[in-house]
Amino acid sequence: MNLLISIIIPTYNRAHLISETLDSILDQTYTNWECIVVDDGSTDNTSAVLSEYIKRDNRFQYHKRPDKKIKGPNSCRNYGFELSKGNYIQWFDSDDIMKTFCLERKMHFFDVSLDVVISKLSLFDFEKNIEIRESKIVSDSIILDYFSGNIAWYVSGPLWSRTFLTTKTFLFDESIINCDDWDFNMRMLYCNPKYFILDESLTFYRKHIESLSKNVEKNHFEEMKKVSNLLDKHLILIKKNKILDLRKVIIHILNYNKFYLKEAILKKDKMQYFFLFKVSNYCIRYNFWKILLKIWMGKISYPVFGKTYYFFKDQNVE
């Protein structure tokens, strides 16, 4: 089976890194691909870099995000999908690296009954030239474990069937920036895709100073607030689709907000009041009165005793 794969890459000011990514695509043992790079308004020499690759190989395409579209990687991914012609869709990031046999291995396990094949990623520190760890993708409870962060596919782990994606009302949510891959993969999972888990690392995921995790740290509690609100949205979807044990989902959301409430209290950050409201609201709505009492005892007593662990430890999901 030698069907076309569309590799869709959003990019923004990654001219110093994207060559490594594009070289890894050129080196693929599976050769029937098109690579669509969508520029989100770069101010560096990304255009010149892509021009050289297009001269070398006409399987590369370079497009600029239309002005009428919202700025952000999700808008670029959706636009890239509109332009694509492949039978299969491989989302990818402009600073990650495909192992030489990445596409070939995924296509080897694809058949007409499947909607997606998922492989692991190697989280790699290119500055120190060391592998940090491999992502975890195997689970007996895929949706719950993905929701709670026990497994992760990232954006480039899955290779999707175009047929499956075209049946969806929308793909990437252009209103969010962080956790966009988590949000996308969760919404796809709600649609019950037929998947194959390839427990093999096929991509190097770059961990470096400009990575999202570093940017999140800079605006720590503001970003965690956005994630908290995103969890609320997914709770509504889960209720609607009736696909998970609702109590386990609520407990996870409650524990998430409790954790950042504790962190905000310890750092005397004003965002503690946002998380305190969130925790209190969930406790009242779902009758976790003992937890609510402990939280408020911890909030009130911390300035006096300086201890939080007992009051803020996680609720068991069992």
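**Helix packing and a few backbone oddities**

Q: In this predicted model, α9 passes α11 in a left-handed crossing. What makes a crossing left-handed?

A: The word applies if the near helix is turned anticlockwise from the far one by less than a right angle. The axes of α9 (residues 220-241) and α11 (residues 272-285) cross at roughly 20 degrees, and the turn of α9 over α11 is assigned as left-handed.

Q: And why are α9 and α11 called roughly parallel?

A: The label is for angles under 35 degrees. With a crossing of roughly 20 degrees, α9 and α11 therefore count as roughly parallel to each other. Their axes come within 11 Å.

Q: Which residues of α9 and α11 meet?

A: From α9 it's Phe 221, Met 224, Lys 225, Ser 228, Asn 229, Asp 232, Leu 235 and Lys 239, and from α11 it's Phe 274, Phe 275, Lys 278, Tyr 282 and Arg 285. Sorted by class, that contact has 6 nonpolar, 2 polar and 5 charged residues.

Q: What makes α9 roughly antiparallel to α10?

A: Here the cut-off is over 145 degrees. The axes of α9 and α10 (residues 246-266) cross at roughly 170 degrees and come within 11 Å, so α9 is roughly antiparallel to α10. On the α9 side, the contact includes Phe 221, Met 224, Val 227 and Leu 231, and among the α10 residues are Val 249, Ile 253, Tyr 256 and Tyr 260. By class, this contact of α9 with α10 has 13 nonpolar, 3 polar and 3 charged residues.

Q: How do you know that the length of α9 is close to what's expected?

A: Multiply 1.5 Å by one less than the number of residues. For the 22 residues of α9 that gives an expected 32 Å, and the helix reaches 32 Å from its first C-alpha to its last. For α11, with 14 residues, the span is 20 Å, close to the expected 20 Å.

Q: Which residues of α11 are buried?

A: Gln 272, Phe 274, Phe 275, Leu 276, Lys 278, Val 279, Ser 280, Tyr 282 and Cys 283. In α9, the buried set includes Glu 223, Asp 232 and His 234 along with Leu 230, Leu 231 and Ile 238.

Q: What follows α9, and with what sign of phi?

A: Lys 242, with a positive phi near 50 degrees. Just after α11, Asn 287 takes a positive phi of about 65 degrees.

Q: What makes Tyr 154 count as buried?

A: Buried means under 20% relative accessible area. Tyr 154 is at 15%, so buried is the right word. Tyr 154 is in the loop between α5 (142-147) and β8 (158-161), and has a positive phi of about 60 degrees although it's not a glycine.

Q: Why is Cys 179 called partly exposed?

A: Partly exposed covers what lies between the 20% and 50% limits. Cys 179 has a relative accessible area of 25%, so it goes in that class. Cys 179 is in the loop between α6 (162-165) and α7 (180-189). Cys 179 isn't a glycine either, and has a positive phi of about 60 degrees.

Q: How do you know that Ile 130 is partly exposed?

A: Its relative accessible area is 41%, which falls between the 20% and 50% limits. Ile 130 is in strand β7 (residues 130-134). Leaving aside residues up to four places away in sequence, Ile 130 touches Leu 123, Phe 124 and Asp 125.

Methods. Residues are numbered from 1 along each chain as its sequence is written. This is a predicted model: local features need pLDDT of at least 70, side-chain atom pairs count only at pLDDT 80 or more; totals for chains, interfaces and linings use all residues. Side-chain values use heavy atoms; hydrogens and water are left out. Axes are lines fitted to C-alpha atoms, for helices over the stretch in contact, and angles run from 0 to 180 degrees between N-to-C directions. Helices (H or I, at least four residues) and strands (E, at least two) are DSSP runs, numbered from the N terminus. Angles under 35 degrees count as roughly parallel, over 145 as roughly antiparallel, 65 to 115 as roughly perpendicular and the rest as oblique. Contact means heavy atoms within 4.5 Å. Ala, Val, Leu, Ile, Met, Phe, Trp, Tyr, Cys and Pro count as nonpolar, Asp, Glu, Lys and Arg as charged, and the others, Gly among them, as polar. Buried means under 20% relative accessible area, exposed over 50%, partly exposed in between (1.4 Å probe, protein chains only).
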